[in-house]
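The report below introduces one protein model to a reader who has not met it before. It goes through the model topic by topic, with the sequence and structure shown first.

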Amino acid sequence: MSLSRRRFIAISAAAASLPAALAARPELHWAGQALGARASIRIDHPEAEAITARCLSEIDRLENILSLYRSDSALSRLNREGRLDAPPFELLDCLAQAQAVHRASGGRFDVTLQPLWALWAEAATGGRRPTLLERRHALALAGMERVEITSERISLVPGMAVTLNGIGQGYVADRVAALLEAEGLTNILIDTGEHRALGPRPDGNAWPIRAPGRDATIPLTARALATSAPLGTTFDAAGRDGHILDPGTGAPSASTLASISISAPTAALADALATAACLTEDEGDLATMLAAFPDCRAEAALWS
């Protein structure tokens, strides 16, 4: 699982107002691949084709920075070499946001768990679970506070590796939304696995987003929404060992939370908080964590 492994990406956007002659133009509908997933872009704008091309170029550029599945990406080079000189702004920005959520969530969100994640994935291919000793060794390589970040370089301790799963999809959604807004489009919905809305739908109504645990949709306008589930992806075929790992134990989340949908001002923040929320123990624990983020809220929570 990675930044480039979402099943489907959808982008919808329209100009706030167009002259009647231009408004009658049919919207451009493009379908293809982006971030390694099926993608759909619908844009209602006289320059829709050029804007779509710029969206795809931006997504590709960001993947060259943030993806673990491109060996020459900035993130892959950082993990391989243990340091990255003159890091791109987007990597610095994404890591800075990850650090902020790490601190405010009591360490629940930690992007340095990649060696632990790789351990669980490798063990699963052999039909086993990592031993306690193996988990402890992987955890000894983790620790967000041990990542040195400056505008000149990013440095990791030997053996450490970073993954941006849990914040990357949201970050990409934010960047694409900013690009579209700069193009003069305001009725925007970006779905990269996490949702980012700028303005309402063209008809003036909120974007209706369906989330687990709710019969009704969640109305989204000028806000982001992310949904996560401890067992949304599992290492084992039995579906017992979820992909969200606890930085304290090195084991999959033991939370009774089946799924959580969190809204926030940005998709990166919603994405990271939804991941961290999957490590909370109960509704009180979840509320305590979210109290550190006054402009964020749980829109839907399903406890088992």
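## A three-stranded sheet

In this predicted model, three strands form an open sheet in the order 4-6-5, and their pairing is antiparallel. Strand 4 (83-85) and strand 5 (148-149) are the edge strands, each with a single partner, so one side of each is left without a neighbour in the sheet. The pairing between strand 4 and strand 6 (residues 153-155) is antiparallel and runs over three bridges, and here Asp-85 stands opposite Arg-153 of strand 6. Strands of a sheet are held in such pairs by backbone hydrogen bonds, in either a parallel or an antiparallel arrangement.

## Helix 3 and the turn after it

Helix 3 (residues 74-81) lies across strand 4 and strand 6, and its direction makes an angle of about 130 degrees with strand 4. Ala-74, Leu-75, Ser-76, Leu-78 and Asn-79 are the buried residues of this helix, and the elements that cover them include helix 2 (48-66), strand 4, helix 4 (89-104) and strand 6.

After helix 3 comes Gly-82, which has a positive phi near 80 degrees. Further along, in the loop between strand 4 and helix 4, is Ala-86, which also has a positive phi, near 45 degrees, although this residue is not a glycine. Most residues other than glycine have a negative phi. Ala-86 counts as exposed because its relative accessibility is 62%, where the cut-off for exposed is over 50%.

## Two nonpolar cores

The largest nonpolar core has 65 residues, and those that touch the most other members are Leu-91, Leu-164, Leu-180 and Leu-273. Helix 8 (residues 267-277) gives the most to this core, contributing nine residues. Apart from neighbours within four places in sequence, Leu-164 is in contact with Leu-66, Leu-75, Leu-91, Cys-94, Leu-95 and Val-111. A second core, separate from the largest one, is made up of eleven residues, among them Leu-113, Leu-119, Ala-138 and Leu-245. In soluble globular proteins, nonpolar side chains tend to be buried together.

## A buried arginine

Which side chain of opposite charge is nearest to the buried Arg-135? It is that of Glu-134, which is 8.0 Å away, and Arg-135 has no salt bridge. Since a salt bridge requires a side-chain nitrogen and a carboxyl oxygen within 4 Å, the distance of 8.0 Å to Glu-134 does not meet that requirement.

Arg-135 belongs to helix 6 (residues 132-139). When neighbours within four places in sequence are left aside, the contacts of Arg-135 are Leu-116, Leu-119, Trp-120, Pro-130, Thr-249, Gly-250 and Ala-251. One of these, Leu-119, is also a member of the second core.

## Strand 11 and its partners

Strand 11 (residues 223-228) is mostly covered, with five of its six residues buried. Strand 11 pairs with strand 8 (residues 195-198) in the antiparallel sense over three bridges, and in this pairing Ala-197 has Arg-223 as its bridge partner. Strand 11 is also joined to strand 12 (residues 257-264) by five bridges, again with the strands running antiparallel, and Ser-228 has Ile-260 of strand 12 as its bridge partner.

The loop between strand 10 (218-220) and strand 11 contains Ala-222. Ala-222 is not a glycine, yet its phi is positive, at about 50 degrees. With a relative accessible area of 53%, Ala-222 is exposed.

Key. Residues are numbered from 1 along each chain as its sequence is written. This is a predicted model: local features need pLDDT of at least 70, side-chain atom pairs count only at pLDDT 80 or more; totals for chains, interfaces and linings use all residues. Side-chain values use heavy atoms; hydrogens and water are left out. Two strands pair if DSSP finds at least two bridges between them. Helices (H or I, at least four residues) and strands (E, at least two) are DSSP runs, numbered from the N terminus. Contact means heavy atoms within 4.5 Å. Axes are lines fitted to C-alpha atoms, for helices over the stretch in contact, and angles run from 0 to 180 degrees between N-to-C directions. A nonpolar core is a set of buried Ala, Val, Leu, Ile, Met, Phe, Trp, Tyr and Cys residues joined through side-chain atoms within 4.5 Å. Buried means under 20% relative accessible area, exposed over 50%, partly exposed in between (1.4 Å probe, protein chains only). Lys and Arg count as positive and Asp and Glu as negative; His and the chain ends are not counted.
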